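Load the model in a viewer and keep the sequence panel visible. The stops below are given as selections, each followed by what is found there.

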Amino acid sequence: MKEYKLKINGNDYNVVINDVQESVASVEVNGSNYKVEFEKPIVKPTAIKVVKTAPAAPAVSAATPKPSAAPAPTAGGTTVSSPLPGVILDVCVKEGDTVKNGQKIMVLEAMKMENVIEATADGVIKSIKVNKGDSVMEGTPLAIIG
C-alpha cells in the first residue's frame, strides 16, 4: 500500500494505492474506492540504481534507495526501471548511444529531489521508453541496454 498527497488544479487529494494486479489498480481517493485500468500491464523492475544529487539549498539528507538485486539481463537486454514515482527532467542519451555501467542516462525528479538514473550495464541503448516531462510510476521501464 502506498499513500500520496496530491494537489491537482488547486484541490488536495489523498490517494492510497491498495493493490496492483497486471493492468488494474485498486485505489482510494479521498475515501472513495476506484478501480484504475492501465493501458499496459505494470512490469516489476528488474534493476534499479539511483544516485541522488545535492539540492541547491541546504536540506536534510535522505537515504538512497538500494536495489535489491543486480540488473537481470533478458533476451531483449537489460531494463533500467524507475526506482520511485516522479517526473523525467532530462534524457541524457539517445537510442544507439554506447554507455558504460554507472553512466548518467536520465534525471528523475521525485519528492523535490533530482535523482540521477545510471546505466546498469555496459552496452548500447536499444530503446528509450520515456520522454522529458513524462510522469512515471515506480518500476516503469525507462530504457533498454543491449
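A residue counts as buried when its relative accessible area is under 20%, as exposed when that area is over 50%, and as partly exposed in between. By that cut-off, 32% of the 146 residues of the protein are buried. The coordinates are those of a predicted model.

**Whole chain**

Start with everything selected and colour by secondary structure. The protein has 13 strands and zero helices, so defined as DSSP runs. Read along the sequence, the pattern is β-β-β-β-β-β-β-β-β-β-β-β-β. Switch to a surface representation: the accessible surface comes to about 9,300 Å², and carbon and sulfur atoms hold 53% of that area. How much of the contact set with a separation of 6 or more comes from residues 24 or more positions apart? Such pairs account for 49% of those contacts.

**Residues 2–29: two hairpins**

Select residues 2–8 and 11–21, which are strands β1 and β2. The two strands pair in the antiparallel sense over seven bridges. Two residues separate them in the hairpin, and N9 there takes a positive phi near 50°.

Now show the side chains of K7 and D12. K7 stands opposite D12 in β2, and the two form a salt bridge with their closest N and O atoms 3.7 Å apart. Is this pair buried or exposed? K7 is exposed, and D12 is exposed as well.

Extend the selection to residues 24–29, strand β3. β2 and β3 run antiparallel and are joined by six bridges. To see how the strands line up, pick V15, which stands opposite V29 in β3. The hairpin of β2 and β3 also has two residues between its strands, and E22 in the turn shows a positive phi of about 55°.

**The other salt bridges**

The structure holds three salt bridges; K7 with D12 is one of them.

Select K2 and E138 next. Their side chains meet in a salt bridge at 2.0 Å, N to O. K2 belongs to strand β1, while E138 sits in the loop between β12 (135–136) and β13 (141–145), so the pair ties together parts that are 136 residues apart in sequence. K2 counts as partly exposed at 35% relative accessibility, and E138 is also partly exposed, at 35%.

Then go to K94 and D97, which form a salt bridge with the closest N and O atoms 3.5 Å apart. Which of the classes buried, partly exposed and exposed does K94 fall into? K94 is exposed, with a relative accessible area of 55%. D97 has a relative accessible area of 21% and is partly exposed.

**M137 and its surroundings**

Return to the loop between β12 and β13 and pick M137, which lies there. Its relative accessibility of 36% makes M137 partly exposed. Show the residues around it: leaving out those up to four places away in sequence, M137 touches Y4, I17, S82, L84 and P85. Add P83 to the selection and check the C-alpha atoms. M137 and P83 are 8.4 Å apart in space, C-alpha to C-alpha, with their positions 54 residues apart in sequence.

**The four-stranded sheet**

Select β6, β13, β11 and β8. These four strands form an open sheet in the order β6-β13-β11-β8, with antiparallel pairing. Its edge strands are β6 (78–81) and β8 (98–99), each of which pairs on one side only. Strands of a sheet pair through backbone hydrogen bonds, so hydrogen-bond display for the backbone is useful here.

Within this sheet, zoom in on residues 123–128, strand β11, which pairs with β13 in the antiparallel sense over three bridges.

**S127**

The last stop is S127, found in strand β11. Where does its partner across the pairing lie? S127 stands opposite I144 in β13. At 16% relative accessibility, S127 counts as buried. Its neighbours, not counting residues up to four places away in sequence, are E95, L142, A143 and I144, each of which S127 touches. Finally, display the side chain of K129: the side chain of S127 makes a polar contact with it at 3.5 Å.

Notes:
Residues are numbered from 1 along each chain as its sequence is written. This is a predicted model: local features need pLDDT of at least 70, side-chain atom pairs count only at pLDDT 80 or more; totals for chains, interfaces and linings use all residues. Side-chain values use heavy atoms; hydrogens and water are left out. Buried means under 20% relative accessible area, exposed over 50%, partly exposed in between (1.4 Å probe, protein chains only). Contact means heavy atoms within 4.5 Å. Accessible areas come from the Shrake-Rupley method with a 1.4 Å probe; for residues, only the protein chains shown count as cover. Two strands pair if DSSP finds at least two bridges between them. A salt bridge is a side-chain nitrogen of Lys or Arg within 4 Å of a carboxyl oxygen of Asp or Glu. A polar contact is a pair of N or O atoms within 3.5 Å; within protein, one must be able to donate a hydrogen and the other to accept it, and residues adjacent in sequence count only if both atoms are side-chain atoms.
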